[in-house]
Amino acid sequence: MSGVDLGHPLQLGVELVPSAADPGAPGRLARRAEELGLDLVVVADGAGAGSGASVGSDASIGSGARAGDGAGAREGAGAPDGDALDAWTVLASVAGATERVDVATRGLRLDDRPPAVLARAVASLDHLAGGRVTPGLAPGSDGADADDALDALAEGVDVLRGMWAAAEPGSLVHEGRHQRVAGAQRGPAPAHNLALWLGAVPGAADAGARTLAARVADGWWLPVPAGAAAQLDVVLGEQAALDAALAAAGRDPREVRRGLVLDAGALGLGSGADGSAPDAGVPGAGVPDVDVADALAALVLEAGVGTLVLGVADEAALEAFAAVAATVRDRVAAARASRGTRVGTLRSAAVRAARAPSIDYDAIPAALAGAAVEPGDAGYAAVRSTYMRGGRPGLVLRPGGTAEVVEALAYARAQDVPLAIRSGGHGISGRSTNEGGIVLDLSRMNAIEVLDVATRRVRIQPGARWGEVAAALHPYGWALTSGDYGGVGVGGLATAGGIGFLVREHGLTLDHLRAAEVVLADGSVVRASADENPDLFWGVRGAGANLGVVTSFEFEVDEVGDVGFAQLVFDASDTEQFLVDYGATLEAAPRDTTAFLIMGPPRGGIVAAQVMAMVDSDDPETIIERLNPFARIAPLLQQQVQVVPYPAVVSVPQRHTSDGEPVTRSGMAEHLTPELAADAARLVRSGATPFFQIRAAGGAVHDVPADATAYAHRSANFSIVAMGSSRRRIDAIWDAMAHHFDGTYLSFETDPRPERLADVYPGATLERLRELKRRYDPEDVFRHNFSVAEPPAVVL
């Protein structure tokens, strides 16, 4: 493959070798590089960086000088070892000083950096920098045998990758000759699919490092020898040697990016790496010349080098290189367009081996490729599961806008695998992940926008989480009723119901919906409201997951200031009577009071019940008046009552994911009758459910006619859910309680039996939804979440 364009995305940047003589230089030059539109800032390890190459304006490689050989007093020049700053520390500083450019190390050695510790440092910085970090390593050179140094680096790479593989079970154990890890907790995974680059170091055998890179690296810094009076064929020769090593390792040359460090002086852009001034007789000396751009473009188009960085000498050289860079980009783009070159880096063999066989990964739309996550990716652990449900999808697509949702949906339809739609990733029901299919993850679409202050109209994208919504609305004195947990995504809750701490005063979340933008199964984008596609608008409010992908919601929010919030813990050992009294107290409470109850199995002979109650008032006397009837239900074990802003109750937690498979059963009830209370008490005492919850669901919910939306359970005062680990135990008890319930709340039900569909969408609601399904999703594309499609006819 040498001598051809490998199609790798073009990266143009600068390399800095920091010195204690001017510790501020890296930050200044990095910020300037970003301002000038460059792509990459590399920090070289002053003692371990590989060789630099120089390209002259006659399209030849000139006298390359190794990083670290130059005078240490100049910006970006090599520093004597005693003055060299730690490259990794400087990289963190550069990352903090910039916002857009990628940041990388080159020649970083593991001599004094335990790989397990470095792995966490790299992943942490990658998260802090927003997924912009690329580590570049080199063999150690502290007098060690060359083979030993390479072996130590190879083991170090294994440890790094093992630590980043957060999706793998168990802790990391590595028993090597050079590196030993006796059971380290994996993770965190990096924020993006970071590439691991290798390079040689001065005095080390290039061939050994090249062979190692061919086996394990994602990128390779080409070691063009210093002082070689070489032409373009020197680079071609190095490329051919790497390609041969890759072939011997069974890898495709397109898997490994190639980088080259350019000398500013030889380019005529500033002082060279040896401190000399540019040759005034060289074409382009001091002033960028088209011949320089031709030379750099040739390295990309004829020699397959996708990453070119200037060993910068000063800001003037940097600015001159940025001017040349614009021309290089144009030349490369034009040539690639005329040749039909597919731009991208071939994923590694390890990643390709983890792919699902039924998904065409090569056909992922270009607009989505950068935000697609595969099973072999480092970031897979963070997206494969939801908050409470484990999954192993074959691909997670993360569109950033409506147009990308359209592309993602068209692509997913062509794959004939399960398709799940995810917003915030809470996903108790488990239907926002799957096994071997595609997940359309909308978490990047999380904008919150105020449309009209006078009418309290806001637009919210589905990936926003309710804690973020609460924080954004609070400065206006507003709130939008939602669930009880700030980590829940807007999309799933707003299309299913929305039973939260303000529900009795302000109704369901979906009752505040005034319009929605929806991507239908055929890819068309429509607006649904009372005036536009009103039938679709009816269905979206309660069964949106069956009809399309909602990409934005327009809500009319409520005026809500500070609220009273109480956390009361009762001795509910007389569980049957406690539940009856609690239900009666809640039904009798004014609508401004909403309470949720949580119970678990007896401990020490005592059944404890935690009640979380919100009073939509900031007046202490009103709050106490509303709470006193609850306090008299049973002996209080603990109590806390506060006046707090609404966002303090539904704040955004740290994201969590789980590999668990909890079983949840859900039912809607008008009253907590003695009979229901007795059966619920037996369930709690059985130990089958560590989490039994009763949510208030009445008040303002009753004001909306049952047929006004696809959410049909308007008469219920209570939503009841039981969670456990054993389907057999939970189902046996819950099924015997079924006669107490009239309906099921969609988001809390995991029972896969078909009879649950009629519980979620009873009678006329189901028939109307089926008519909409035939119109808007006739092929049942959105079948992963309680599909309302009619079952196929049985042929006898």
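Which residues of α6 are buried? I would like to start there, and then move on to two sheets and to two single residues.

Before that, a word on what we are looking at: this is a predicted model, in which local features need pLDDT of at least 70, side-chain atom pairs count only at pLDDT 80 or more, and totals for chains, interfaces and linings use all residues. Residues are numbered from 1 along each chain as its sequence is written, and side-chain values use heavy atoms, with hydrogens and water left out.

So, to helix α6, which covers residues 232–248; helices here are DSSP runs of H or I with at least four residues, strands are runs of E with at least two, and both are numbered from the N terminus. The buried residues of α6 are Leu-232, Val-235, Glu-238, Gln-239, Leu-242, Asp-243, Ala-245 and Leu-246, where buried means under 20% relative accessible area, exposed means over 50%, and partly exposed lies in between, with a 1.4 Å probe and protein chains only. Looking down the axis of α6, we find these buried residues within an arc of 160°, so they line one face of the helix; the arc is taken over the directions from the helix axis to the C-beta atoms. On the face turned away from that buried side, α6 carries the exposed residues Asp-233, Ala-247 and Ala-248. With its 17 residues, the helix reaches 25 Å from its first C-alpha to its last, close to the 24 Å expected at 1.5 Å a residue, the expected span being 1.5 Å times one less than the number of residues. After α6 comes Gly-250, whose phi is positive, near 75°.

Let me turn now to the sheet of seven strands, which is open, has antiparallel pairing and follows the order β26-β23-β25-β24-β28-β29-β27; two strands pair if DSSP finds at least two bridges between them. At the edges stand β26 and β27, each with a single partner strand, so one side of each is left without a neighbour in the sheet. On average, and ignoring direction, neighbouring strands of this sheet are turned by 15° against each other.

Within this sheet, strand β23, residues 562–571, has seven of its ten residues buried, so it is largely enclosed by the rest of the structure. Nine antiparallel bridges join β23 to β26, and eight bridges, also antiparallel, join β23 to β25. Phe-565 shows both pairings, since its bridge partner in β26 is Gln-642, while its bridge partner in β25 is Met-614.

Two helices belong in this picture as well. Helix α19, residues 620–631, lies across β23, β24, β25 and β26 and runs at about 15° to β23, where axes are lines fitted to C-alpha atoms, for helices over the stretch in contact, and angles run from 0 to 180 degrees between N-to-C directions. Helix α21, residues 674–686, packs on the sheet and touches β24, β27, β28 and β29, with a direction that makes about 150° with that of β28.

Where does Thr-594 sit? Thr-594 is found in strand β24, residues 593–599, and at 1% relative accessibility it counts as buried. Its bridge partner in β25 is Met-614, in a pairing of seven antiparallel bridges between β24 and β25. Apart from neighbours within four places in sequence, Thr-594 has contacts, meaning heavy atoms within 4.5 Å, with residues including Gly-500, Leu-502, Met-612 and Ala-696. The C-alpha atoms of Thr-594 and Ala-696 are separated by 6.2 Å, although the two residues are 102 residues apart along the chain. The side chain of Thr-594 also reaches the backbone nitrogen of Arg-504 at 3.3 Å.The second sheet is an open one of four strands with mixed pairing, in the order β12-β13-β15-β14. Its edges are β12 and β14, each with a single partner strand, so one side of each is left without a neighbour in the sheet. Two antiparallel bridges join β12 to β13, and Val-373 stands opposite Val-396 in β13. Helix α13, residues 402–413, lies across β13, β14 and β15, running at about 170° to β15.

I will finish with Asp-731, which lies in helix α22, residues 727–736, and is buried, with a relative accessible area of 9%. The side chain of Asp-731 makes a polar contact with the side chain of Arg-665 at 2.9 Å; such a contact is a pair of N or O atoms within 3.5 Å, and within protein one must be able to donate a hydrogen and the other to accept it, while residues adjacent in sequence count only if both atoms are side-chain atoms. Not counting residues up to four places away in sequence, Asp-731 touches Arg-665 and Arg-753.
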